[in-house]
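Please open the model in your viewer and keep the sequence beside it. The tour begins at a single residue and then widens to its surroundings, an interface, a whole chain and a helix.

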Amino acid sequence: MKISNQVIESHGLKLDEFSLIKKLLKREPNLLELGIFSAMWNEHCSYKSSRKHLKNLPTKGKQVIQGPGENAGVIDIGGDDAIVFKIESHNHPSYIEPYQGAATGVGGILRDVFTMGARPIALLNSIHFGSPKFFKTKSLLNGVVSGIGGYGNCIGIPTVAGETKFNATYNENILVNAMAVGHVKKNKIFYSKAKGLNKSVVYVGSKTGRDGIHGASMASAEFDENSEEKKPTVQVGDPFTEKLLMEACLELMKDNSIISIQDMGAAGLTSSSVEMASKGELGIELNLEKVPCREENMSPYEMMLSESQERMLIILEDGKEENAKKIFDKWDLDFVVIGKTTDSNKLVLKYNNAIKAEIPISALSSKAPIYDRKWIKKKLPKIKVDLKKLKKVKFEDALIKILSSANYSNKSWVTEQYDQMVMCDTVKQSGADAAIIRIHNKKKAIAVSVDSSANYCKAHPISGGKQVVCENWRNLISVGSKPLAITNCLNFGNPENPEIMGEFAECLKGIKESCEFLNFPVVSGNVSFYNGTNNKNINPTPVIGGVGLISKLDNPINHKFKKENNLIILVGKTFGHLEQSAFLEEVYSNIDGLPPEVNLVNEKNNGEGILEIINKELAKSVHDISSGGLVVALAEMSMGTDFGVKIDRPKKLTNSIKYFFGEDQSRYIVEIEKNNLEKTAKILKKNNIFFEIIGTTQMKYFEIQGEFKSDIKELYKINNQWYNNF
Amino acid sequence: MNSSVIVFPGSNCDRDIAVALEKVQFKNKMVWHKDTELPKSDLIVIPGGFSYGDYLRSGAIAGKSTIISEVIKAANKGCLILGICNGFQILTETGLLKGVLLRNKNLRFINKNVNIKVINNNSKFLKNYKKDQILEMNIAHNEGNYFTSSDHLKELNDKNLIAFKYCRSDGDVNSISNPNGSIENIAGIFNSNKNILGMMPHPERMIDNLISNTDGINLFTSLIK
């Protein structure tokens with residue numbers, strides 16, 4: 001069959017890429033080979049547009065055991081314990097089929113973690129929807145949340161933290177990013193690099209069906225009005241089988257049977273076999289008639305490109321097959337030797353002994369195209385918002401408007417659909433800041449958080465990129481953990497558009513700056529381009545997932561006020577930066593101007609000071625100040641408790657709106673007992689950290705003197721309104 | 001005292017319950033669903049989770065599994081059986097407990113802490129609680145909406161076989177404090193011999209103040225002699 005231009009384009013390949021394929025093969029590919037190239041060369045698998053920029057990110061550090069390039073990143077948390085974690089997007093499938101799209105997003109990221117030998121201990125997610133008024137938003141929200149819950153609840157891994165946000169930019173391209181975190185003993189980490197000739201390549205897990213064919217290519221193109229037709233490219237998840245697969249793999253990993261293991265994620269059997277061979281600088285030969293199939297008469301093309309879920313490829317040591325098969329039999333899973341490693345450096349696919357495809361591994365990996373895409377610097381907004389020119393709003397009305405909005409509402413409607421407690425190590429569910437997960441049977445814990453700041457990134461990609469890393473760091477600090485490393489999920493529009501590529505390049509520059517300064521390296525991640533519909537791109541949305549370490553878990557801290565008559569200390573300087581704030585967006589729909597700038601020196605200094613106060617057990621509660629500013633942070637600390645606040649009028653107050661709603665960075669609120677003031681102040685002064693005592697906690701009332709007073713129960717009711725009316 | 005925890009494919013609270021049992025010094029064994037024999041046990045626990053994926057009706061396949069016939073035999077000889085969450089669903093599927101667990105009234109999975117009241121503490125399971133004691137426990141289920149025939153409901157009430165009811169923090173049992181639509185706010189029941197307890201809330205999640213509270217521990221201390 002001669003390959004026509006139309007066939008090339010339907011595989012998501014450009015004509016010049018096709019010429020390169022012919023050059024590398026020194027002949028025309030057949031259809032199966034073309035399919036394999038399309039699966040390996042698409043943006044999702046090859047990172048062809050992003051690679052050049054990604055390599056600038058800091059990925060090393062004393063705490064890093066494994067950086068990017070494996071199934072997930074691995075960090076050292078002391079003793080013989082390590083943490084494996086990664087975040088990944090499942091945006092396109094979730095828009096087409098929200099329940100399955102979100103569910104398989106969770107399933108995929110879990111496999112990345114347990115493939116490395118780790119038992120998953122926590123799930124997180126960052127989900128972004130269109131405007132609450134957009135007609136599809138509610139049904140998408142409903143489907144995505146039940147999909148995430150459906151998968152995590154069934155497999156029995158707690159979903160402990162996340163963010164749910166709304167913005168018209170995601171109307172026709174929602175974001176569903178899922179993160180998984182696992183625990184592993186340092187000497188029991190498994191990698192995907194193949195080693196040794198003539199070793200058995202084993203297929204385990206679910207059977208292969210026709211679902212998800214070309215899923216990765218679908219995820220590497222923009223949407224248009226025909227996107228609904230792509231429903232068959234969305235995979236269907238089976239969390240029950242994944243649970244069996246997880247237990248079987250972890251059981252097999254107890255001894256030394258496995259040389260290398262790789263999950264079949266995007267581009268299924270193709271990418272898993274190519275990646276193992278490529279990393280091991282070997283060849284691989286598969287006998288496709290042996291692949292367990294769910295449907296009859298599946299062609300090699302369909303088998304190689306299926307994205308059926310819950311499958312793994314394992315390379316076994318000699319003589320270990322029988323024992324390994326016993327384990328998979330016990331769990332009622334398929335276990336079939338489908339091929340072997342070779343010294344040909346080629347991917348050879350046979351069907352009943354006839355060669356169906358033969359491609360040099362390097363053509364699919366190292367020789368795949370890499371683009372230095374054109375990008376332009378963001379034109380920065382010069383506008384300064386002048387409050388006097390806006391219609392005057394009462395303090396009270398502004399606060400209520402924000403607290404009752406979809407974005408700032410209490411999210412228990414979402415989180416109660418997730419099992420947050422299974423495994424019985426969830427010390428603190430997120431709610432705000434980070435969640436705390438105990439390492440089973442140990443006195444230590446990790447803190448985990450995911451964050452994004454798309455508005456900031458849109459207005460000023462460098463500042464935004466810098467800020468979102470700091471926001472994550474702050475959330476980890478607020479629960480008393482030492483931030484160790486991050487994973488990132490980079491959600492952007494069409495990289496072929498120089499403006500979008502510019503947003504990407506500049507956001508990454510910002511991320512790099514913060515990560516370097518804070519010694520907070522990137523150990524894993526994922527890039528999702530082409531988020532947009534009919535040339536309308538989403539706001540740049542890098543999502544940061546961070547992990548911190550609590551080495552002594554005696555008195556875990558959270559952000560809820562504990563007692564009346566305690567002092568409330570505001571740490572960090574308040575300037576009153578309103579541009580890009582929740583206040584302007586929610587009250588005036590105004591998104592002009594520059595986001596607040598982060599001063600990295602202050603960021604680090606303030607964070608380390610807070611950590612010292614927490615470690616010395618001086619703080620009763622801590623919360624970082626983020627969108628919504630000081631007053632929203634105070635409200636979050638009050639709502640759901642019996643304790644409100646009495647905040648004095650600031651002495652040098654110029655404008656109460658700016659003071660209370662401004663989003664200046666690197667700030668925290670700390671509640672302390674009065675008799676601990678001296679000790680606390682000493683630590684802050686020693687570190688040259690600016691702080692002010694702004695008031696005290698009190699029973700029942702939330703009171704900003706001269707501006708606002710309300711029963712906190714009322715405030716809480718307002719905060720629950722949006723989802724209660726869902 | 002010896003306990004056995006039955007592990008089905010898809011069970012996911014098996015480790016949590018084992019931790020709770022061992023905390024009060026049970027000698028615990030995990031029993032695989034394909035096993036044909038039970039170890040000597042004073043207590044058998046069927047843990048929470050999604051046995052066989054619960055793709056049919058919750059607990060339906062587990063109710064017909066190899067090991068479950070041994071559990072039924074042991075139950076009929078008077079062995080103590082505790083079914084939590086999916087375990088409760090499985091017990092109703094076997095007929096060891098009457099009634100069914102329907103989908104939650106709001107048709108969503110619910111995970112949160114709720115208050116429950118000890119209705120009858122006069123049993124081996126609950127003797128270390130006080131009657132009418134109010135507990136805070138975690139629930140996590142899709143199908144926790146207990147329903148039964150009016151005859152059986154009458155029997156439950158007449159013979160005092162209701163173990164727990166969902167209530168407010170002040171103990172008031174009303175529709176607002178009912179998280180899932182369960183008939184008469186029922187959260188857990190005994191069989192007529194009171195050697196079997198099925199309950200939707202998770203006592204094994206309430207044994208450690210660092211994680212939650214210790215309202216569940218007395219259920220386990222009640223069982224250990």
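Select R205(B), which is buried because 28 other C-beta atoms lie within 10 Å of its own (a residue is buried at 20 or more such neighbours, exposed at 12 or fewer and partly exposed in between, with C-beta atoms placed from the backbone). Before going further, note that this is a predicted model, in which local features need pLDDT of at least 70 and side-chain atom pairs count only at pLDDT 80 or more, whereas totals for chains, interfaces and linings use all residues. Residues are numbered from 1 along each chain as its sequence is written, and chains are lettered from A and ligands numbered from 1 in the order in which they are written.

Stay with R205(B) and colour by secondary structure: the residue lies in the loop between β11 (196-199) and α5 (217-223) of chain B, where helices (H or I, at least four residues) and strands (E, at least two) are DSSP runs numbered from the N terminus. Leaving aside residues up to four places away in sequence, R205(B) touches M421(A) and C424(A) in the other chain as well as D16(B), N138(B), S212(B) and G216(B), a contact being a pair of C-beta atoms, placed from the backbone, within 7 Å. N138(B) is 67 residues from R205(B) along the chain, yet their C-alpha atoms are separated by 6.9 Å.

Next, select the interface, where 22 residues of chain A are in contact with 20 residues of chain B. On the side of chain A that touches chain B, α8 (137-155), α10 (239-252) and β14 (426-428) each supply at least two residues, and α8(A) gives the most, with 4. The model scores ipTM 0.97 and pTM 0.96.

Now show chain A alone, with its 25 helices and 28 strands. Its radius of gyration, taken over C-alpha atoms, is 26 Å, close to the 27 Å from the globule rule (2.2 Å times the number of residues to the power 0.38) for 726 residues, so chain A is as compact as a globular protein of that length. Buried residues make up 60% of those 726 residues.

Finally, select helix α25 of chain A (residues 712-724), whose end C-alpha atoms are 18 Å apart, in agreement with the 18 Å that its 13 residues should span at 1.5 Å a residue (1.5 Å times one less than the number of residues). Its buried residues are I712(A), L715(A), I718(A), N719(A) and W722(A), and these pack against elements of chain A including α15 (395-403), α22 (629-638) and β24 (643-647).

How values were computed
Two residues are in contact if their C-beta atoms, placed from the backbone, lie within 7 Å.
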